[in-house]
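Please read the following walk through one structure, from its sulfur chemistry to its strands and its aromatic rings.

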Amino acid sequence: MKRIKLILSAAVVLLATACTGNGGLRYAETAEQAIARRAIERWDFLIAKKPEAAWEYLTPGYRDTHDEENYATSMRNRPVKWDKVAFKSVECDAAETSCLARLSVDFRVRSSLGMVGEISAQKEIGERWLKLDGGWFVLPED
């Protein structure tokens, strides 16, 4: 009887592990899935005014040649307020090492015309994502 309880307990633990998340097993993300996930994560940090966290999504080369504090200050002091982002699509080169992601960003900006106030708009943007050291990183245009 003890042996049956032990086997049953082990089976329950294995079943519970298999049902949580990915069951401890990793699945290979496609380039599109990885870029979509990382692009949304990065923009969520920018929307939440956490540019230091968004910094980690930039290419290592960009981070090596730019100052993190200046980047964070620049992102915080922009006249635009980002509200929401949605992933649209991604197109990759044949080797899947460079991809162009398309995102839709909802934003607000204060008009320079005194009585107009704040203007809300949406814009589709493109971001260049590069696969480096097994991970995906965005290469800013500036």
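A disulfide is taken here as a pair of cysteine sulfur atoms within 2.5 Å. By that rule, this predicted model has a count of one disulfide. Its partners are Cys92 and Cys99, whose sulfur atoms lie 2.0 Å apart. In general, such a link is a covalent bond between the sulfur atoms of two cysteines. The torsion about the S-S bond of Cys92 and Cys99 is about 105 degrees, so the disulfide is right-handed.

How buried or exposed are the two cysteines, Cys92 and Cys99? Cys99 has a relative accessible area of 0% and is therefore buried, the limit for that class being under 20%. Cys92 has a relative accessibility of 31%, so it counts as partly exposed.

The strands come next. Strand S1 covers residues 80–92 and strand S2 residues 98–110; they pair in the antiparallel sense over eleven bridges. One position in this pairing is Lys84, with Asp106 in S2 as its bridge partner. The hairpin of S1 and S2 has five residues between the strands, and Glu96 in this hairpin takes a positive phi near 55 degrees. S2 is also joined to strand S3 (residues 118–132), by 13 bridges, and these two strands run antiparallel. Opposite Ala101 stands Glu127 in S3. In a regular strand the side chains alternate between the two faces of the sheet.

The aromatic residues are the next topic. The structure holds four aromatic pairs. One of them is formed by Phe45 and Tyr57, with 6.1 Å centre to centre and 50 degrees between the planes, and is tilted. This pair links distant parts of the chain, twelve residues apart: Phe45 is in helix H2 (residues 31–47), while Tyr57 is in the loop between helix H3 (51–55) and helix H4 (60–65). Phe45 counts as partly exposed because its relative accessibility is 27%, whereas Tyr57, with a relative accessible area of 9%, is buried.

For Trp55 and Tyr71, the ring centres are 5.3 Å apart and the planes are at 55 degrees, so this pair is tilted. Trp55 in helix H3 and Tyr71 in helix H5 (residues 68–76) are 16 residues apart, and the pair links distant parts of the chain. Trp55 is buried, with a relative accessible area of 5%, and Tyr71 is buried at 7%. Together with Tyr62, Trp55 and Tyr71 form one aromatic cluster.

A last contact involves a charge and a ring: the charged end of Arg38 sits over the ring of Phe137, 5.3 Å from its centre.

Conventions: Residues numbered from 1 in each chain as written. Predicted model: local features only at pLDDT ≥ 70, side-chain atom pairs only at ≥ 80, totals over all residues. Heavy atoms only, no water. Pairing = 2+ DSSP bridges. Helix = DSSP H or I, 4+ residues; strand = E, 2+ residues; numbered from the N terminus. Buried < 20%, exposed > 50% of the residue type's maximum accessible area, 1.4 Å probe, protein only. Phe/Tyr/Trp six-rings, centres within 6.5 Å; stacked < 30°, edge-to-face > 60°. Lys NZ or Arg CZ within 6 Å of the ring centre and 35° of its normal.
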